[in-house]
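Q: Hi! I'm new to this one and would love a quick tour. Could you pull it up so we can go through it together?

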Amino acid sequence: MSVPALPIRLLDLPAQHAAIQPELDAALQRVLQEGAFIQGPDVQLFAQELGLYLGGTHVVPCANGTDALQLALMALDLQPGDEVIVPAFTYVATAEAAAILGLKPVMADVDPHTFTLDPAAAAAAITPRTRAIMAVHLYGQCADLTALKTLADQHQLALIEDNAQAIGATWQFSDGSIQHAGTVGEVGTTSFFPSKNLGAMGDGGALFTRSEARAAQLHELANHGQPRGKKYLHQRIGLNSRLDTLQAALLRVKLRHLTNWTEARQQAAARYDAALANVPGLRIPTRQPGSTHVFHQYTITLGSTAVRDALQQHLQQHGIPSVVYYPLPVHTQPAYRYLGYREGQFPVAEQLCGTVLSLPIHPGLVADQIDRIAEVILAFMGGATGVA
Ligand SMILES: *Cc1c(COP(=O)(O)O)cnc(C)c1O
């Protein structure tokens with residue numbers, strides 16, 4: 001087999017940046033010359049532009065996606081010991097934000113097809129102390145926002161959307177209306193970690209809300225509890241959690257390309273789908289009708305951990321990187337043992353940790369590379385199923 005012309009990478013930020021280098025350079029130079037490195041004009045402009053991109057929502061920038069989750073919970077004025085429902089299968093930050101505030105993260109299992117919070121499991125986890133539900137739009141696709149919004153409203157709980165992985169994804173409600181991921185709940189959050197679909201060149205994050213009052217409150221909390229324009233007045237105990245002007249200026253440039261980049265990811269996913277749809281023992285990502293998936297990850301599911309691990313090794317031997325997001329569910333992580341959960345309690349989350357595999361996906365991944373990856377997978381699976 002011939003060696004591929006281009007090395008295959010999980011993501012390729014240098015190439016992505018090279019394609020827009022003059023725009024990035026201009027933004028960087030402008031910020032250097034203006035000298036307003038904290039809360040410079042680009043921060044508010046970026047917030048406005050992202051708000052428009054998301055269909056008209058208030059955007060409050062902050063230092064990173066984990067702070068955004070923490071700020072969202074701080075805004076709810078909860079009491080220590082209040083319960084917050086989180087999926088057992090997520091990046092740890094979701095549960096961490098609740099735990100660090102002295103709230104109790106209550107795990108619920110996820111749906112085996114969408115990998116996102118199972119509304120029935122969330123409903124079963126509600127107690128008189130429950131105050132919020134944190135839905136995570138994992139891998140680039142929304143959790144079931146119709147069911148979760150209804151559930152939250154019925155029980156007067158705040159729905160928080162962790163949208164770190166699904167910026168630009170949309171959800172279609174049963175009446176046909178369409179809303180952006182992160183703008184449905186009481187507060188939505190996102191991360192501009194460099195590898196996210198809209199990534200900074202360092203840390204960054206933001207909160208979304210449709211309420212102007214809530215936006216003012218979140219801005220205050222992210223700035224030492226200081227109301228906008230009232231220097232050295234501290235209304236509440238807050239954080240120092242700001243998006244740097246430099247990051248905001250770079251993100252403004254990248255936001256202009258996000259639609260194209262998302263389409264490139266979706267095309268790459270469609271090409272993977274076509275090649276891998278009917279491979280015995282391998283499941284391609286599930287799409288939810290009417291809603292869009294922005295493919296932060298293209299995650300396949302294998303029949304067993306042994307096959308998954310062997311496939312990953314086989315890919316590696318052919319120069320193809322892949323990643324397991326995430327190898328351990330939150331409830332079996334050492335730091336969260338104090339919550340008292342046991343192995344076996346969230347079988348779907350545990351099963352997924354043992355069987356998922358994320359393949360390379362980024363806007364610069366070309367058709368030939370996808371074909372090559374699919375070829376290597378098909379050759380392996382042919383052998384694997386032949387033995388089984
Ligand atoms: C990346 C990520 C976060 C954390 O974002 P940071 O900016 O790294 O703090 C939170 N939740 C999910 C689901 C993520 O993928």
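A: Happy to! This is a predicted model. A good place to start is the spacing of its two domains: the centres of domain 1 and domain 2, taken over C-alpha atoms, are 25 Å apart.

Q: Where does each domain sit along the chain?

A: Domain 1 covers 14-255, and domain 2 covers 259-384.

Q: And how many residues does each one bring to the contact?

A: Domain 1 brings 41 residues and domain 2 brings 36 residues.

Q: What area is buried between domain 1 and domain 2?

A: About 3400 Å² is buried between them, and carbon and sulfur atoms give 58% of that. On the domain 1 side, three residues stand out: Met-107, Tyr-139 and Asn-197 supply 21% of the area that domain 1 buries against domain 2, more than any other three residues.

Q: How many salt bridges and polar contacts go across?

A: For salt bridges, the rule finds zero across the interface. For polar contacts, it finds 20 residue pairs, with both residues at pLDDT 80 or more.

Q: Which helices and strands of domain 1 supply at least two residues each to the side that touches domain 2?

A: Those are α5 (93-100), β3 (104-108) and β6 (170-172). The one that gives the most is β3, with five residues.

Q: What kinds of residues make up that side of domain 1?

A: There are 23 nonpolar residues, 12 polar ones and six charged ones on the side of domain 1 that touches domain 2.

Q: Changing topic: which residues come nearest to the ligand?

A: There are 13 residues around the ligand, and the nearest are Gly-65, Thr-66, Asp-162, Ser-191 and Lys-196.

Q: What do Gly-65, Thr-66 and Ser-191 use to reach an oxygen atom of the ligand, backbone or side chain?

A: Gly-65 uses its backbone, with a polar atom there 2.7 Å from an oxygen atom of the ligand. Thr-66 uses its side chain, where a polar atom lies 2.5 Å from a ligand oxygen. Ser-191 also has a polar side-chain atom by a ligand oxygen, at 2.7 Å.

Q: Back to Thr-66 for a second: what lies 3.0 Å from its backbone nitrogen?

A: That's a polar atom of the side chain of Asn-64.

Q: Where is Asn-64 found, and what does it touch?

A: Asn-64 is in the loop between β1 (58-62) and α4 (65-74). Leaving aside residues up to four places away in sequence, Asn-64 touches Asp-203, Gly-204 and Gly-205.

Technical notes:
Residues numbered from 1 in each chain as written. Predicted model: local features only at pLDDT ≥ 70, side-chain atom pairs only at ≥ 80, totals over all residues. Heavy atoms only, no water. Domains from an automatic or database assignment. Contact = heavy atoms within 4.5 Å. Buried area = accessible area lost by both parts, 1.4 Å probe. Salt bridge = Lys/Arg side-chain N within 4 Å of Asp/Glu carboxyl O. Polar contact = N/O pair within 3.5 Å; in protein donor to acceptor, adjacent residues only side chain to side chain. Helix = DSSP H or I, 4+ residues; strand = E, 2+ residues; numbered from the N terminus. Nonpolar A, V, L, I, M, F, W, Y, C, P; charged D, E, K, R; others polar. Near = heavy atom within 4 Å.
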